[in-house]
Amino acid sequence: MRHFITRHQPAQPWRVTLLAGLGGLLAIGCVAALSSYMHAPLLIAPFGASCVLLFAAPNSPLSQPAHVVGGHVLATAIGLLLHAFLPNEWWAVALAVGLSIALMNALRVTHPPAGADPLLVFALSPGLDFLLVPVLAGACMLVTVAVLFHRASGVTYPARPV
């Protein structure tokens, strides 16, 4: 039973913890401010989860720019495609999420928060422009803020290829 409550994440220094929170605050703040200024919706809920990876686990493969942008774009595109041809039923939503996970994995752009994008597509029934704004534009903005923030704080991001 103890293995269910064991925390596998190592303890982090306070500086790392505070920087992770500050990075998320700045990234979402920048996207939200630009969204307000442009009068265009640039924020979607999965971006909050993307910030967790971008700022609390910047060295994770799942946090790298190709994964953040590629995962969100791919999962949203799958959601839009299936939503266009299938009824808005539970099984179609499940199929969209499962297919998104499989294709992100196959294309090596897995980004867990992007698994929620097909759910948004089926819930909101957006047009094709949803793929560009907020998904592509917002994901690119998050990555840009992450690159600048990590450079300023001395963290190597994106990770260097091995």
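Where is the place of H39? Here are some notes to help you find your way around; bear in mind that this is a predicted model.

1. H39 sits in the loop between α2 and α3. Its phi is positive, about 55°, even though H39 is not a glycine. That's worth a look, since most residues other than glycine have a negative phi. H39 also counts as exposed, because its relative accessibility of 74% is over the 50% cut-off.

2. Step back from H39 and you're in helix α2, residues 14–38. This helix has 25 residues and spans 36 Å from first C-alpha to last, close to the 36 Å expected. Its buried residues are L19, A20, G23, G24, A27, V31 and S35. What covers them includes α3 (46–56) and α7 (132–153).

3. Those two covering helices bring us to the aromatic rings: the structure holds one aromatic pair. The rings of F55 and F149 have centres 5.6 Å apart and planes at 85°, so they meet edge-to-face. F55 belongs to helix α3 and F149 to helix α7, so to speak distant parts of the chain, 94 residues apart. Both are buried, F55 with a relative accessible area of 4% and F149 with 11%.

4. S125 has a positive phi too, near 50°, and isn't a glycine either. Look for S125 in the loop between α6 (117–124) and α7. At 41% relative accessibility, S125 is partly exposed.

5. Finally, check the prolines at two cis peptide bonds. V133 and P134 are joined by one, with omega about 20°, and P134 lies in helix α7. The bond from Y157 to P158 is cis as well, omega near 0°; P158 is in the segment after α7.

Definitions and conventions
Residues numbered from 1 in each chain as written. Predicted model: local features only at pLDDT ≥ 70, side-chain atom pairs only at ≥ 80, totals over all residues. Heavy atoms only, no water. Helix = DSSP H or I, 4+ residues; strand = E, 2+ residues; numbered from the N terminus. Expected span 1.5 Å × (residues − 1). Buried < 20%, exposed > 50% of the residue type's maximum accessible area, 1.4 Å probe, protein only. Contact = heavy atoms within 4.5 Å. Phe/Tyr/Trp six-rings, centres within 6.5 Å; stacked < 30°, edge-to-face > 60°.
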